[in-house]
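Subject: Structure handover

Hello,

Here is the structure I promised to pass on. Please open it alongside this note; my findings follow below.

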Amino acid sequence: MLDLPPPPWRTRFAPAPTGYLHLGHVVNAIYVWGLARAFGGRVLLRVEDHDHIRSRPQYEAALLDDLDWLGFEPAAGTTADFRRGPPPRSPSPLRQSDNGERYAAALDRLDRAGLVYPCTCTRRQIAERVGSPERGEELRYPGTCRHRNVDPATTAVRRVFLERREIRFTDLALGEQVQVPAEQCGDLVARDREGNWSYQLAVVVDDFEQGVDVVIRGADLLDSTGRQIQLAALLGRAEPPRFLHHPLILRPDGFKLSKSEGDTGVGELRDAGWSRERVLGEAAARVGLLDAPRPLAVDELAALFRR
Ligand code: GLU
C-alpha cells in the first residue's frame, strides 16, 4: 500500500507547452489520474510555460485538445478554464506565465533572508572551473559569484545559496533516497539571463501555493527532488510534498526517448486513426503497466494501481 496523505490529497499534471503531447506525457497522465482515482487524490492542471522563449500558445492549445480527447479531466483548472483566457489566482488553473508576481515575491523573500545573489558566469566559464560534466552528470556551480558583489543591474541572473545539506526522502516508487543538492548542482538559478523564472523556483512556489502534497512524475526528474525539498523549506514550507517517480519509456540502450528519436506524438496517432483506448494501452504497455498493448479505457486506469 502506498504511503499517501489522507484523501483528498492533491497532485498535478504539469506539462510544458514547448512541444506536442507525446506518449511519455500519456504515461505520466496515466500515473497521475490512475493513482488519484485509485486512492482519493485530486488532479490539478498546471501549464508550465515559465520558459517564455520555448513555450508557444499553439502547443498549449494542442495539449488541451489532446487531454480532452484522451479523456483526462482535471478536478480544478479544467481545459475549459484555460481556454477562457487569463485565469484567476491560485490554486488553479495556473499558467506559470501569469504567475510572475508570485515568483518575484518568493525571490524577494529569499533575498531578504540574504540567500540571493546576481551571477554573471556563463556555462563555459563554470565548465572551465569545475570541468565538463560526464554524460548524465550535471554541471555543478562552484559559487564563484557568491562574494563578488556583482552589480545587480548588469545581469538578470539570480542564484539562491544552498548550504550543504543531506536531503532524505522516501520515494513512493523507488524507496529511500539521499541527495546533496550543494554537491549535485550547487547554488540554484532562480532567474536566467533572459529573465525567465527557472523551473526549480516556479515548480516549488506553485506546488507550495497550490497545496500539492503528492508529486507524481517521471524518473528523469528524480535528481531535482532534493533541491526542490531544500528550496521549499527555505520558502517556509513546513512539510514537503511526497514524491513518486515512475518509469519512463526508454530506448533499448536505457536512455530517455526524445521526440526526435521517435517518441510518438498523440496528434500523429490521432491522425493515423488510433482510438484513445489504443493510445492509452500502448503507453501503459511501454512502461510495464500492462503485459502487452490492448485497448485501455480511462475508467480502467484506477484498477492498474489497485492490484
Ligand atoms: N513541466 C515538467 C515537464 O513537462 C514537469 C515538471 C514536474 O512534474 O515537476 O517535464
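A polar contact here is a pair of N or O atoms within 3.5 Å. Keep that cut-off in mind for the ligand. Note also that this is a predicted model.

**Ligand site**

Start with arginine 12. One of its polar side-chain atoms sits 2.7 Å from an oxygen atom of the ligand, so the pair falls within the 3.5 Å limit for a polar contact. Tyrosine 199 also reaches a ligand oxygen atom, with a polar side-chain atom at 2.7 Å. Glutamate 48 faces a nitrogen atom of the ligand instead: an N or O atom of the glutamate 48 side chain is 2.6 Å away from that nitrogen. How much of the ligand does the protein bury? The ligand taken alone exposes 300 Å², and the protein buries 76% of this area.

Which residues surround the ligand? They are Arg12, Ala14, Pro15, Ala16, Glu48, Tyr199, Val203, Arg217 and Leu221. Sorted by class, the shell has 6 nonpolar and 3 charged residues, and no polar ones.

**Parallel sheet**

Strands 1, 2 and 3 form an open sheet in the order 1-2-3, and the pairing is parallel. Strand 1 (9-13) and strand 3 (94-95) are the edges, each pairing on one side only. Strand 2 covers residues 41-47 and runs parallel to strand 3, joined to it by 2 bridges. Valine 47 stands opposite arginine 95 of strand 3.

Helix 7 (residues 199-209) lies across strand 1, strand 2 and strand 3. Its direction makes an angle of about 140° with strand 2. The ligand shell draws on this part of the model: Tyr199 and Val203 are among its residues, and helix 7 spans 199-209. Arg12 is in the shell too, and strand 1 runs over 9-13.

**Antiparallel sheet**

A further open sheet has 3 strands in the order 4-5-8, with antiparallel pairing. Its edge strands are strand 4 (116-118) and strand 8 (188-191); each of them pairs on one side only. On average, neighbouring strands in this sheet are turned by 40° against each other, ignoring direction. Strand 5 (residues 158-160) pairs with strand 8 in the antiparallel sense over 3 bridges. Arginine 159 has valine 189 in strand 8 as its bridge partner.

**Backbone points to check**

Two places deserve a look on screen.

- The peptide bond from proline 7 to proline 8 is cis, with omega near 0°. Proline 8 belongs to the segment before strand 1.
- Asparagine 149 has a positive phi, near 50°, although the residue is not glycine. Asparagine 149 is found in the loop between helix 5 (123-130) and strand 5.

Best wishes

Terms used: Residues numbered from 1 in each chain as written. Predicted model: local features only at pLDDT ≥ 70, side-chain atom pairs only at ≥ 80, totals over all residues. Heavy atoms only, no water. Pairing = 2+ DSSP bridges. Helix = DSSP H or I, 4+ residues; strand = E, 2+ residues; numbered from the N terminus. Contact = heavy atoms within 4.5 Å. Axes fitted to C-alpha atoms, helices over the stretch in contact; angles between N-to-C directions. Near = heavy atom within 4 Å. Polar contact = N/O pair within 3.5 Å; in protein donor to acceptor, adjacent residues only side chain to side chain. Areas by Shrake-Rupley, 256 points an atom, 1.4 Å probe, with all protein chains shown as cover. Nonpolar A, V, L, I, M, F, W, Y, C, P; charged D, E, K, R; others polar.
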